[in-house]
Amino acid sequence: MGFPKKVKNQILVLCARHCCVCHKNVGLNMEIHHIKPEAEGGENTLENAIALCFNCHSFAGHNYNNLHPKGIKYSREELFLHKAKWIKMVEENKISSKDTLVELSITNKGSLKPIFIKEITTYIDRDSWKRVYEILGKNPMELIDEIKSNSTGDFYYRNIVNKIETYDQYIDFMNGDFPEKDFSKMPDIKEVTNCQPLNYLMPSMLGYNYTKEKNLSNCILDLKFTNYGPEVLEDYKLYIIFDEVVEIDSVNKRNSWDDIYKYKYNVRFIESNKAEFVPEQNVLVQNDSVIIDSICFRTDYKTKYVVIKWELFARNFQDEGLLKVPISPTFEKSEQTRFEINAKGMKPKTRILPKIVTT
Ligand SMILES: [Zn+2]
């Protein structure tokens, strides 16, 4: 008699049309199997039903050819366990029954663990510091002019000092927070790094030499794009859009700072968070995959995962999907006071600065 339609539908939905044993998304190629055979009194209930692909079905229970044994057949107990486990996975991971035709997947492990330094920063209380000037009968802006006229030597330092126009900017400068990091963005030719956007130089507190900004943290992501579908992808374009990242770029594979253009990337950023994959060949046949060049990004210390949205446009086919990249931030216990002035009302603040991770 077989399972009633209702039971069939229930089990197909519960397993999202994936085989409960091998977890393959098999779409229409599904069979509903009696875990306990009907001949032995097995009921046509959801409890006794399991969805299997043709292949796994042939190795299950009574379908198994005992005259020509091969391997170990699936026992009833095992099938019950597989079923329960898979239904739980479908629920927890929100697996859908939509046929997987193309897939973007992560291939690397370990480069998604940025290390952050906890650094205690003591900020100047702006108003009490201002009062000191008032008591001394001095105008803080005069001091800024003094700094401007005294600044000698280094071009970058002079540039920064000349930008100071207000008292607040002056305090920010004392704190090492002025100007904005973009202002001092310049390639650091001494640093061996394989990630371009992380090159910043910050002026040191005391003047003319530069120290590397510690706000460096990179994650490196390797992606693979696979065509599982029945169609050959022709003239395809793949866009990868990132969420929750601070800065992002394709990884710079140069060995020295001046050979930046020698390496041809197959991924390039057309917007600050949107990359276009530029394949070497514009055809991707069935069951073939392409490797996307490493992508480097920084995350906030609170970021636990980055969501990637991908969009595929091929001649006869379009698709899109989401990919969750787990990030495991770790913290290093290194605390240092950056700048200290004994002023009334001053409260130390904790800033968390990421550190570069070399893999
Ligand atoms: Zn299977």
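1. Let me start with Ala 16, which is buried, with a relative accessible area of 3%. Ala 16 sits in the loop between α1 and β1 (30-34). Please keep in mind throughout that this is a predicted model. The backbone deserves a look here: phi of Ala 16 is near 55 degrees, a positive value in a residue other than glycine. As background, most residues other than glycine have a negative phi.

2. The neighbour is worth checking in the same view. Arg 17 also belongs to the loop between α1 and β1, and has a positive phi of about 55 degrees although it is not a glycine. In exposure Arg 17 counts as partly exposed, at a relative accessible area of 27%, while Ala 16 is buried at 3%.

3. Now to the helix that leads into this loop. Which residues of α1 are buried? In α1 (residues 5-14) they are Val 7, Ile 11 and Leu 12. Their directions cover an arc of only 130 degrees around the axis, which puts them on the same side of α1. The general background is helpful: an α-helix has 3.6 residues a turn, so residues three or four places apart point the same way. On the face turned away from the buried side of α1 you will find the exposed residues Lys 5, Lys 6 and Val 13. Val 13 is thus a nice one to display, as an exposed residue on that face.

4. Strand β7 is my next stop. Seven of the nine residues of β7 (residues 219-227) are buried, so this strand is largely enclosed by the rest of the structure. Its pairing with β3 (residues 102-106) is antiparallel and runs over five bridges, with Ser 105 opposite Lys 224 in β7. Strand β7 is also joined to β14 (residues 288-298) by eight bridges, again antiparallel. Within that pairing, Thr 226 has Ser 289 of β14 as its bridge partner.

5. Next comes an open sheet of five strands, in the order β11-β12-β9-β15-β16, with antiparallel pairing. The edge strands are β11 (267-271) and β16 (318-326), each of which pairs on one side only. From one strand to the next, the twist averages 25 degrees.

6. What does β9 pair with inside this sheet? Strand β9 (residues 237-242) pairs with β12 (residues 274-277) over four bridges in the antiparallel sense, and Ile 240 stands opposite Ala 275 there. Six bridges join β9 to β15 (residues 305-313), also antiparallel; in that pairing Ile 241 faces Lys 309.

7. Moving along the sheet, β15 and β16 form a hairpin with four residues between them. Nine bridges join the two strands, which run antiparallel. If you want a register check, Leu 312 has Asp 319 of β16 as its bridge partner.

8. Finally, the empty space. Rolling a probe the size of a water molecule over the atoms shows where empty space is left. How many cavities of 30 Å³ or more does the structure hold? There is one, and about 50 Å³ of space lies in the largest cavity. Its lining consists of Glu 231, Val 232, Leu 233, Glu 234, Ala 314, Arg 315, Asn 316 and Phe 317. By type, the lining residues divide into four nonpolar, one polar and three charged.

Notes:
Residues numbered from 1 in each chain as written. Predicted model: local features only at pLDDT ≥ 70, side-chain atom pairs only at ≥ 80, totals over all residues. Heavy atoms only, no water. Pairing = 2+ DSSP bridges. Axes fitted to C-alpha atoms, helices over the stretch in contact; angles between N-to-C directions. 1 Å grid on protein atoms, 1.4 Å probe; cavity = no way out; pocket = protein on both sides within 12 Å on 5 of 7 lines; lining within 4 Å. Points joined across faces, edges and corners; volume = space filled by probe spheres on them. Nonpolar A, V, L, I, M, F, W, Y, C, P; charged D, E, K, R; others polar. Buried < 20%, exposed > 50% of the residue type's maximum accessible area, 1.4 Å probe, protein only. Arc of directions from axis to C-beta.
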